[in-house]
Amino acid sequence: MKKAGTCPAFAMALHRMQSLVPLVITHSPGEFWRAASALLRARNAALLADRQTLTRQGLSERQIVQCLALRYGLSERSVWDIYKKPAPPPPAQASLLSLPGTED
């Protein structure tokens with residue numbers, strides 16, 4: 001089992017979050033909000049991937065929730081809430097042959 005804070009995706013998300021400090025000062029709130037929500041989606045995706053790994057190792061859901069809460073610095077309730085959220089749909093890919101703002 002990994003120690004708290006050793007998940008590569010979480011470490012990368014934390015590094016990116018720390019690099020957002022200048023963004024807060026120099027950019028609009030909308031830009032910061034989009035960046036912060038992208039980091040939360042990355043953290044949640046890493047958490048769900050860790051859940052699958054721990055499930056394959058034979059841990060019970062309760063043990064997994066306790067482990068992930070410690071690993072990601074969240075409450076157990078927050079981990080359960082992340083479980084309940086539906087996965088976001090993948091972003092639509094733009095056609096390479098159409099120009100932005102035009103219909104097919």
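## Helix naming and α4

A helix here is a DSSP run of H or I with at least four residues, and helices are numbered from the N terminus. In this predicted model, helix α4 covers residues 61-72. Glycine 73 follows α4 and has a positive phi, near 70°.

Helix α4 has 12 residues, which at 1.5 Å a residue should span 16 Å. The C-alpha atoms at its ends are 16 Å apart, so the expected span and the model agree. The buried residues of α4 are Ile64, Val65, Cys67, Leu68, Ala69, Arg71 and Tyr72. Arg71 and Tyr72 on this list stand just ahead of glycine 73 in the numbering.

## The chain as a whole

The chain contains five helices and zero strands. Along the sequence this gives the pattern α-α-α-α-α.

The chain has 104 residues, and 23% of them count as buried. Its accessible surface is about 7,800 Å², with 63% belonging to carbon and sulfur atoms. Of the contacts between residues at least 6 apart in sequence, 44% join residues at least 24 apart.

## The buried face of α5

Helix α5 runs over residues 76-84. Val79, Ile82 and Tyr83 are its buried residues. Viewed down the axis of α5, the buried residues fall within an arc of 105°, so they line one face of the helix.

An α-helix has 3.6 residues a turn, so residues three or four places apart point the same way.

## The aromatic pair in α5

One aromatic pair turns up in a search of the whole structure. It joins the rings of tryptophan 80 and tyrosine 83, whose centres are 5.4 Å apart and whose planes meet at 80°. Planes over 60 degrees apart count as edge-to-face, so this pair is edge-to-face. Both residues belong to helix α5, where they sit three residues apart, about one turn of the helix.

The two residues fall into separate exposure classes. Tryptophan 80 has a relative accessible area of 30%, so it is partly exposed. Tyrosine 83 has a relative accessible area of 13%; buried means under 20%, so tyrosine 83 is buried.

## A charge over tyrosine 83

Tyrosine 83 has a further neighbour in arginine 51, which lies over the face of the tyrosine ring. Arginine 51 is placed at 3.6 Å from the ring centre. Tyrosine 83 is thus described in three ways: as a buried residue of α5, as a member of the edge-to-face pair with tryptophan 80, and as the ring beneath arginine 51.

Key. Residues are numbered from 1 along each chain as its sequence is written. This is a predicted model: local features need pLDDT of at least 70, side-chain atom pairs count only at pLDDT 80 or more; totals for chains, interfaces and linings use all residues. Side-chain values use heavy atoms; hydrogens and water are left out. Rings of Phe, Tyr and Trp (its six-membered ring) pair if their centres lie within 6.5 Å; planes under 30 degrees apart count as stacked, over 60 as edge-to-face and the rest as tilted. Helices (H or I, at least four residues) and strands (E, at least two) are DSSP runs, numbered from the N terminus. Buried means under 20% relative accessible area, exposed over 50%, partly exposed in between (1.4 Å probe, protein chains only). A charge sits over a ring if NZ of Lys or CZ of Arg is within 6 Å of the ring centre and within 35 degrees of the ring normal. The arc is that of the directions from the helix axis to the C-beta atoms. The expected span of a helix is 1.5 Å times one less than its number of residues. Contact means heavy atoms within 4.5 Å. Accessible areas come from the Shrake-Rupley method with a 1.4 Å probe; for residues, only the protein chains shown count as cover.
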